Amino acid sequence: MKKQKPVVQVQDIRKVYQMGREQVVALKRINLDIYRGEICCIFGTSGSGKSTLLNQLAGMEKPTRGKVLIKGSCISQMSEEQLAVFRQRYLGFIFQSYNLLPTMTAVENVALPLMFRGEKLREREQAAIEMLKKVGLGHRLFHYPGQMSGGQQQRVGIARAFVTRPEVIFADEPTGNLDTKTTEEIMAMITHFSRTQGQTVVLVTHDPEMSRYGDRIIRLVDGAIIQNELQEKKGEKR
Ligand code: ADP
Ligand code: MG
């Protein structure tokens with residue numbers, strides 16, 4: 001099989017935060033390629049630089065040095081306007097604390113990213129309802145975030161991230177606030193969407209248990225990658 005071009009390319013990035021007169025080196029010299037359809041799990045203890053790395057990959061922050069390319073476009077050199085358009089078009093996000101809008105129903109929350117894409121109201125709502133059914137929330141369509149459990153809110157978060165069919169989905173500790181059983185359900189959904197829609201997922205976690213969901217396992221220690229391995233899944237054809 002011919003090797004494809006990576007969807008996400010990280011070239012020699014370094015991130016230094018200036019804290020008054022002190023410098024905090026959060027990422028040392030990171031190189032990383034992630035391919036289409038991969039679920040890439042980034043592990044590390046608290047403070048190892050996981051969120052910092054994800055923020056550079058997703059274009060939330062600019063690296064001090066080096067480049068991040070997504071689909072061949074250098075996002076670390078884009079203007080804020082270019083980045084906003086690029087994010088809406090190609091990227092999806094799942095957050096530890098769900099980040100749903102509290103005054104909007106489940107349907108409205110999921111339909112929101114489609115509005116930025118210029119789809120009509122009826123189409124947006126229809127697509128949101130379809131997605132919510134897929135994540136098992138067909139009976140909670142008009143609930144507000146405050147009326148749902150954490151697991152249900154994260155399902156809404158997943159529906160919102162995947163509804164636009166983004167090329168790459170970034171998730172920072174998506175199950176960090178959930179119990180073991182709910183974590184398994186949420187990870188099963190993320191894996192299912194990634195497999196059936198060929199989407200790339202980059203997921204950050206401190207929980208070693210999550211390694212079984214990853215195709216590519218990255219380990220960070222003190223802002224440096226100490227492991228980058230593809231793992232074979234037992235009994236799974238890719
Ligand atoms: P993790 O997500 O693995 O827990 P982070 O990426 O949040 O780790 O942090 C990595 C290191 O960078 C830590 O030492 C943290 O204190 C530092 N850091 C992160 N964000 C900032 C910031 N905005 N300003 C200064 N230091 C920061
Ligand atoms: Mg973090």
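The legends below describe close-up views of one predicted model.

In this predicted model, local features need pLDDT of at least 70, side-chain atom pairs count only at pLDDT 80 or more, and totals for chains, interfaces and linings use all residues. Residues are numbered from 1 along each chain as its sequence is written, chains are lettered from A and ligands numbered from 1 in the order in which they are written, and side-chain values use heavy atoms, with hydrogens and water left out.

**View 1. The aromatic pair of Phe86 and Tyr90 in helix 2.**
A pair of aromatic rings is described by the distance of the centres and the angle of the planes. Rings of Phe, Tyr and Trp (its six-membered ring) pair if their centres lie within 6.5 Å; planes under 30 degrees apart count as stacked, over 60 as edge-to-face and the rest as tilted. The structure holds four aromatic pairs. In one of them, the ring centres of Phe86 and Tyr90 are 4.9 Å apart and the planes stand at 55°, so this pair is tilted. Both residues belong to helix 2 (residues 80-90), where they are four residues apart, about one turn of the helix. Helices (H or I, at least four residues) and strands (E, at least two) are DSSP runs, numbered from the N terminus. Phe86 counts as buried at 7% relative accessibility, whereas Tyr90 counts as partly exposed at 24%. Here buried means under 20% relative accessible area, exposed over 50%, and partly exposed in between (1.4 Å probe, protein chains only).

**View 2. The aromatic cluster of Phe93, Phe95 and Phe170.**
The rings of Phe93 and Phe95 have centres 6.4 Å apart and planes at 20°, so the pair is stacked. Phe93 is buried, with a relative accessible area of 17%, while Phe95, with 27%, is partly exposed. Together with Phe170, these two residues form one aromatic cluster.

**View 3. The surroundings of Tyr90.**
Tyr90 lies in helix 2. What does Tyr90 touch, not counting residues up to four places away in sequence? Tyr90 is in contact with Lys71, Arg117, Pro166, Glu167 and Val168; contact means heavy atoms within 4.5 Å. In addition, Tyr90 and Arg165 are 75 residues apart in sequence, and their C-alpha atoms are 8.0 Å apart in space.

**View 4. The salt bridge between Glu167 and Lys71.**
Side chains of opposite charge can pair when their charged atoms come close. A salt bridge is a side-chain nitrogen of Lys or Arg within 4 Å of a carboxyl oxygen of Asp or Glu, and the structure holds nine of them. Between Glu167 and Lys71, the closest N and O atoms are 3.8 Å apart. Glu167 lies in the loop between helix 5 (150-162) and strand 7 (168-172), and Lys71 in the loop between strand 4 (65-70) and strand 5 (73-74), so the pair ties together parts that are 96 residues apart in sequence. Lys71 is partly exposed, at 39% relative accessibility. Arg36, Lys71 and Glu167 are linked in a network of salt bridges.

**View 5. Two salt bridges of helix 6, formed by Glu184 and Arg195.**
In the salt bridge of Glu184 with Arg212, the closest N and O atoms are 3.6 Å apart. This pair links distant parts of the chain, with Glu184 in helix 6 (residues 180-197) and Arg212 in the loop between strand 8 (200-205) and strand 9 (216-221), 28 residues apart. Glu184 is partly exposed, with a relative accessible area of 39%, and Arg212 counts as partly exposed at 44%. The side chains of Arg195 and Asp215 also meet in a salt bridge, with 2.9 Å from N to O. Arg195 lies in helix 6 and Asp215 in the loop between strand 8 and strand 9, so parts 20 residues apart in sequence are tied together. Arg195 is partly exposed, with a relative accessible area of 27%, whereas Asp215 is buried, with 3%.

**View 6. The loop residue Thr175 and its contacts.**
Thr175 is found in the loop between strand 7 and helix 6. Its relative accessible area is 9%, so Thr175 is buried. Leaving aside neighbours within four places in sequence, Thr175 is in contact with Thr183, Ile186, Met187 and Met210.
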